[in-house]
Amino acid sequence: MAERQYLGQGTSTSWEKFWYVLGCVYLGAAYFQKVPVKKALSEYGLVEMTGAEKFWYVIQCILFGSGYFAKVSIKKALSEVRNTVVAPTV
């Protein structure tokens, strides 16, 4: 069973890092998938987007709408998160 992770304190395995980099190299697919997620998280005040992420989110929305539609699903999932677990202080 995987170790429980908390927002802002998670880690990636070496294989997860490998596949993310490979996904980014292949036409930036992994990076472009991450952008709408960070937009949704930023609207909840959980993260701050970089200038590049803001730029690519706007491009995704203007050119093919995929950024916005992906964000909608992610925000719906985030709205259903229960706030019963408190992250441990480090």
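Okay, let's start with a term: when I say helix, I mean a DSSP run of H or I that is at least four residues long, and the numbering of helices goes from the N terminus. One more thing before we look around: this is a predicted model.

So, helix α2. Glu-43 and Lys-39 both sit in it, 4 residues apart, which means about one helical turn separates them. Those two side chains make a salt bridge, and their closest N and O atoms are 3.7 Å apart. How accessible are they? Glu-43 is partly exposed, at 34% relative accessibility, and Lys-39 is partly exposed too, at 22%. The pair isn't on its own, either: salt bridges with shared partners link Lys-39, Glu-43, Lys-71 and Lys-75 into one network.

How many salt bridges are there in the count? It comes to 6. Let me show you another one, between Glu-53 and Lys-34, at 3.6 Å from N to O. This one goes between helices: Glu-53 is in α3 and Lys-34 is in α2, which covers residues 29–43, so the bridge ties together parts 19 residues apart in sequence. Is Glu-53 buried or exposed? With a relative accessibility of 4%, Glu-53 is buried, because the cut-off for that is under 20%. Its partner Lys-34 has a relative accessible area of 30%, so Lys-34 comes out as partly exposed.

And then there's Glu-80 with Lys-76, where the closest N and O atoms are 3.2 Å apart. Both Glu-80 and Lys-76 are exposed.

Next up, how two helices pack. In general, you describe a packed pair by the angle between the axes and the distance between them. Here I'd like you to look at α3, residues 51–63, and α4, residues 66–79: their axes come within 5 Å and cross at roughly 105°. What do we call that arrangement? Angles of 65 to 115 degrees count as roughly perpendicular, and so α3 and α4 are roughly perpendicular to each other.

Which residues make that contact? On the α3 side we've got Tyr-57, Gln-60 and Cys-61, and they meet Ser-66, Gly-67, Tyr-68 and Lys-71 in α4. Sorted by class, the contact of α3 with α4 has 3 nonpolar, 3 polar and 1 charged residues. You may remember Lys-71, by the way: it's also part of that salt-bridge network with Lys-39, Glu-43 and Lys-75.

While we're in α3, have a look at Ile-62, which is found in that helix. Ile-62 has 62% relative accessibility, so it counts as exposed. If you want a sense of distance, Ile-62 and Ser-12 are 50 residues apart in sequence, and their C-alpha atoms are 32 Å apart in space.

Last topic: the aromatics. The structure has 6 aromatic pairs. One of them is Tyr-31 with Phe-32, an edge-to-face pair with 5.9 Å between centres and 65° between the planes. Phe-32 is partly exposed, with a relative accessible area of 27%. Phe-55 and Trp-56 form an edge-to-face pair as well, at 5.0 Å centre to centre and 75° between the planes. Phe-55 is partly exposed at 47%, and Trp-56 is partly exposed at 31%.

And how do those rings go together? Tyr-31, Phe-32, Phe-55 and Trp-56 form one aromatic cluster. That's my tour, thanks for listening!

Terms used. Residues numbered from 1 in each chain as written. Predicted model: local features only at pLDDT ≥ 70, side-chain atom pairs only at ≥ 80, totals over all residues. Heavy atoms only, no water. Axes fitted to C-alpha atoms, helices over the stretch in contact; angles between N-to-C directions. Helix = DSSP H or I, 4+ residues; strand = E, 2+ residues; numbered from the N terminus. Parallel < 35°, antiparallel > 145°, perpendicular 65-115°, else oblique. Contact = heavy atoms within 4.5 Å. Nonpolar A, V, L, I, M, F, W, Y, C, P; charged D, E, K, R; others polar. Salt bridge = Lys/Arg side-chain N within 4 Å of Asp/Glu carboxyl O. Buried < 20%, exposed > 50% of the residue type's maximum accessible area, 1.4 Å probe, protein only. Phe/Tyr/Trp six-rings, centres within 6.5 Å; stacked < 30°, edge-to-face > 60°.
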